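Visitor: I'm new to reading protein structures. Could you pick one part and take me through it closely, step by step?

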Amino acid sequence: MDITTVTSYRPARTRADLALAPGEAVIAGGTWIMSEPQPGTTGFVDLTTLDWPDLEITAEGLRIGATCTIARLLAWAEHEAPLDWTSLALARPAADALLASFKIWNTATVGGNVCQAFAAGAMIALLSTLDATALVWTPDGGERVIAVADLVIDNAATSLAPGEVVRALDIPAHALRSRVGLQKIALAELGRSGAVVTARVDPDGAAVFVVTAAVRRPRVLRFGRLPGAGELRDAVASAPDFYTDPLGSADWRRGVSVVLAERLRTALSRDLQAGAA
């Protein structure tokens with residue numbers, strides 16, 4: 001779409017270039033911002049020209065540059081990542097849950113998907129499940145760290161203050177060697193996900209289940225071990241923020257999230273038993 005209100009573009013070369021003038025907005029892949037009118041935006045500041053590394057193995061785990069594309073993350077996870085980082089197997093099904101083609105994956109960025117904060121954000125589901133944090137640059141030259149699950153505070157809303165920019169997403173090492181799974185449902189075969197449930201079981205037995213798409217913000221449910229069916233059902237059903245829109249009612253989203261969570265629990269339990277045999 002032609003964004004007719006935009007009259008300026010400038011590439012960011014240094015952090016100082018991220019100081020925005022009135023009407024300016026940062027842009028990376030731009031797959032959403034270029035898809036509909038932006039009446040309040042008169043200029044773009046390009047983050048991709050900062051040349052942030054896409055992916056870095058650090059002492060703490062994996063750092064994903066905010067401007068890394070979804071396609072690059074998938075290729076790296078499937079062909080270049082350490083073999084024992086088993087939880088990166090979640091990247092492909094998470095991307096498949098995104099209502100977008102592989103063409104979009106080649107442009108859309110991981111950080112952009114998180115900062116757009118849509119309830120069905122595929123990278124939000126992935127990163128929340130893996131306990132990822134966001135490194136946020138503040139306009140005073142400082143930085144802060146916040147869990148991705150806490151960065152998203154509502155559908156299409158984040159806790160970012162004016163002038164703050166997400167620099168990177170960090171996945172801790174303890175979450176990279178886990179068993180993982182994803183279940184999703186949509187009312188239409190190629191429609192936006194109505195509910196997505198992801199799960200992770202760590203080597204020490206601790207389990208995490210995350211509900212997205214069905215709720216207005218990620219709901220992270222933690223257990224000391226893989227929960228029983230009743231415990232998990234009650235935890236998922238009592239999560240707040242299930243919502244109604246044309247793609248599904250709140251009650252439907254709650255009900256199918258319970259079913260998807262149980263499917264995951266059953267599959268992970270079977271995998272754990274097979275691994276112990």
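Guide: Happy to! Let's start with one pair of residues: R63 stands opposite D170, which belongs to strand β10. Keep in mind that this is a predicted model.

R63 lies in strand β5, residues 61–65, and this strand pairs with β10 over five bridges in the antiparallel sense. Now look at β10 itself. This strand covers residues 165–172, and eight of its eight residues are buried. Here "buried" stands for under 20% relative accessible area. Strand β10 also pairs with β6, residues 133–137; five bridges join them, and again the two run antiparallel. For a place to rest your eye there, find W137, which sits opposite V165 of β10.

For contrast, turn to a sheet with parallel pairing: three strands in the order β1-β3-β2, forming an open sheet. Strands β1 (8–11) and β2 (24–27) are at the edges with a single partner strand each, so one side of each has no neighbour in the sheet. On average, neighbouring strands here are turned by 25 degrees against each other, ignoring direction. Between β1 and β3 (residues 43–46) there are four bridges, and the two strands run parallel. One residue to find is R10, whose bridge partner in β3 is V45.

Finally, a helix to compare with the strands. In α7, residues 229–237, the residues L232, A235 and V236 are buried. Viewed down the axis of α7, the buried residues fall within an arc of 95 degrees, so they line one face of the helix. An α-helix has 3.6 residues a turn, so residues three or four places apart point the same way.

Methods: Residues are numbered from 1 along each chain as its sequence is written. This is a predicted model: local features need pLDDT of at least 70, side-chain atom pairs count only at pLDDT 80 or more; totals for chains, interfaces and linings use all residues. Side-chain values use heavy atoms; hydrogens and water are left out. Two strands pair if DSSP finds at least two bridges between them. Axes are lines fitted to C-alpha atoms, for helices over the stretch in contact, and angles run from 0 to 180 degrees between N-to-C directions. Buried means under 20% relative accessible area, exposed over 50%, partly exposed in between (1.4 Å probe, protein chains only). The arc is that of the directions from the helix axis to the C-beta atoms.
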